[in-house]
Amino acid sequence: MRNRMNVGISLVGRLALLGTVLLTMAAVHGAVLKSTETAVEAGKELPLEGTGFHAGLTVRLVLLGTLTEYTLREVTFDDTGVFKFDLAIPADVRPGQYQLLALSGEDTREAAMDLSVMAASQVAVADSHDQAAGHSEAMDTGARADEMTITRATTGAGWLVIGLLVGLAGGAGAMLLRGTPEVEA
Amino acid sequence: MIESARRILSERLALHALDYRVPGVTINLKYMLGGLTAFLLLVLIVTGLYLSQYYNPTVTGAHDSVLYLITRAPLGDWIRTLHVLSAGGVVLTVTAHLCYTFWRRAYKKPREVTWWAGVLMAAIIFLLVVTGTVLRYDQEGFEALAHFLAGGNLTGMFGRFFTDSFTPSTSLLSRIFGLHTSLLPLVLIALIGLHFWLIRHLGIHTGGGDGAAGAAGAETGVFRTHATRLAGFALVSFAVLGVLAVLIPEGIGYPAVAGVEITKPFWPVLWVYGLENVLGAWGMILGPSAIFLFLMAVPLLDRGADQTPGKQGWVGWLAVTLGILIVGLWVYGMFGEAREHIGM
């Protein structure tokens, strides 16, 4: 009886392992986006290569930044699952760090690579790694000392959390102070 | 019910260890300024940990990540403002603590090391304020970064860490982020540990003699009462800062443009800005260094046996003069015209 149970447990374990491997293989099918460049100037082209995609798959190439997102173009793969072309980066892309994503269907992430998009004058700065000094040579006009006008995003739930935190802290603090009268120094 | 919960907690957390005798006068806000500073540092650590989950310490990503924090991260705007307000609060409480302990002559034997640890902590807090300003990476942050670079170049090998020649592998902004979030806080926490250890074992100086001597030093209080009242002040401070963070949210300037120097720094640093107006770029090195050296030297300069508060003689008058100078330079920095100091 005990031996049969051990065999059963062992079988379930092996099946689970096999399932995990198959699932991993299905999820990671080796799709890769790569380029010879890690930084590109807005308005220029990025040499781009994609390999390991499923044959016949259509993906959208999307630049996902901290604050903005740009859909650049669609690619449909032939039987080889490979593409290679120069990807045009629109001139109005905001300089910054991006992920270049290949998305299929309902925004399924097939592959991704990091990419810095620079204003024309900033490319040299990133290349030299001499950011602080390099920046000072990059631009010299248009500086502003005032603050940006920002639309803030605290929601109703956010205000509730803040109210609770502040209320609890203030209430508990006041109770503790009332319970421990001050001694004159 | 509450009493029962209190007893259970007290037993499990060994809270009876807090029931040691302390001078009665320490149950007073004036003796809690250091504790309040420690509490605000805790707020800074917690809020800083949250901010660091969203911050991108790279030249191309820093400003956008702060904008993201303000506009999209859950509670990001409030937590960032709380962080900035707590930093200002720490500067106020640590300055008040320093002035009050100086006036009480709490640096005298055997508490010299307690004082030196405190002065070092104040210097590190000053550095944390300045490095934190850089991280905004707007025009003000960029100019603060340029000041680090200029200071590094001015001081030769001593300031090499703050120059681009230190390493080509990463940017100065990333290294300042590292300083602000790891090295400086770690040193600060170690110094807080030393400071508290010394206070626990040497006792709180209450003036007019050592420990239990005199009415002021009579150990008529219990530390638990001191800690409870301190917790009360700390929680109320948190609530006040939380409300202020709603009423006056911290902003951010426009993305930096190099080659110009048009902003003034965060308010705790305005006295250095005023000094730079007078001495040029060397002001940012000479001013803070002079204050730091004076404070470190205080226990060596005031060596008499008399411990009466406020009777330091010429050392006291020198401190008052330096204090007036700092206030004067702060007012000059605040209301004077904006000038270029580092020849950007």
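Start by selecting Asp64(B) and Arg94(A): their side chains meet in a salt bridge, with N to O at 2.6 Å. Keep in mind as you click around that this is a predicted model. That pair belongs to a short list, since the count between chain A and chain B is three salt bridges.

For another charged pair, pick Glu147(A) and Arg136(B). They form a salt bridge too, and here the closest N and O atoms are 3.6 Å apart. This one also crosses between chains: Glu147(A) sits in the loop between H3 and H4 of chain A, while Arg136(B) sits in the loop between helix H5 (112-135) and helix H6 (139-154) of chain B. Over all chains, the structure holds 16 salt bridges.

Now zoom out to the whole interface. Select the residues in contact across it and you should get 50 from chain A and 60 from chain B. The area buried between the two chains is about 4,600 Å², and carbon and sulfur atoms give 67% of that. Which three residues supply more than any other three of the area that chain A buries against chain B? Show Leu67(A), Met148(A) and Arg152(A) as sticks: together they supply 14% of it.

Next, look at the polar side of things. There are ten residue pairs in polar contact between chain A and chain B, counting pairs with both residues at pLDDT 80 or more. To see where chain A touches chain B, colour strand S7 (96-104), strand S8 (108-118), helix H3 (131-138) and helix H4 (156-179) of chain A, each of which supplies at least two residues of that side. H4(A) provides the largest share, 13 residues. Colour by class instead, and that side of chain A splits into 24 nonpolar, 17 polar and nine charged residues.

Switch to a surface view and select Trp159(A) with Val240(B), Val243(B), Leu244(B), Val246(B), Leu247(B) and Ile248(B). Together they form a nonpolar patch on the surface, with about 600 Å² of accessible area. Where does the largest share of the patch come from? Highlight helix H8 (residues 223-247) of chain B, which gives five residues; Leu247(B) is found in that helix.

Two backbone stops finish the tour. Most residues other than glycine have a negative phi, and most peptide bonds are trans. With that in mind, go to the step from Lys109(B) to Pro110(B), where the peptide bond is cis, with omega near 10°. Pro110(B) is in the loop between helix H4 (76-104) and H5 of chain B. Then jump to Asp107(A), which is not a glycine but has a positive phi of about 60°. You'll find Asp107(A) in the loop between S7 and S8 of chain A.

Note on methods:
Residues numbered from 1 in each chain as written. Chains lettered and ligands numbered in written order. Predicted model: local features only at pLDDT ≥ 70, side-chain atom pairs only at ≥ 80, totals over all residues. Heavy atoms only, no water. Contact = heavy atoms within 4.5 Å. Buried area = accessible area lost by both parts, 1.4 Å probe. Salt bridge = Lys/Arg side-chain N within 4 Å of Asp/Glu carboxyl O. Polar contact = N/O pair within 3.5 Å; in protein donor to acceptor, adjacent residues only side chain to side chain. Helix = DSSP H or I, 4+ residues; strand = E, 2+ residues; numbered from the N terminus. Nonpolar A, V, L, I, M, F, W, Y, C, P; charged D, E, K, R; others polar. Patch = residues over 30% accessible without salt bridge, like charges linked within 9 Å, V, L, I, M, F, W, Y side chains within 5 Å. Areas by Shrake-Rupley, 256 points an atom, 1.4 Å probe, with all protein chains shown as cover.
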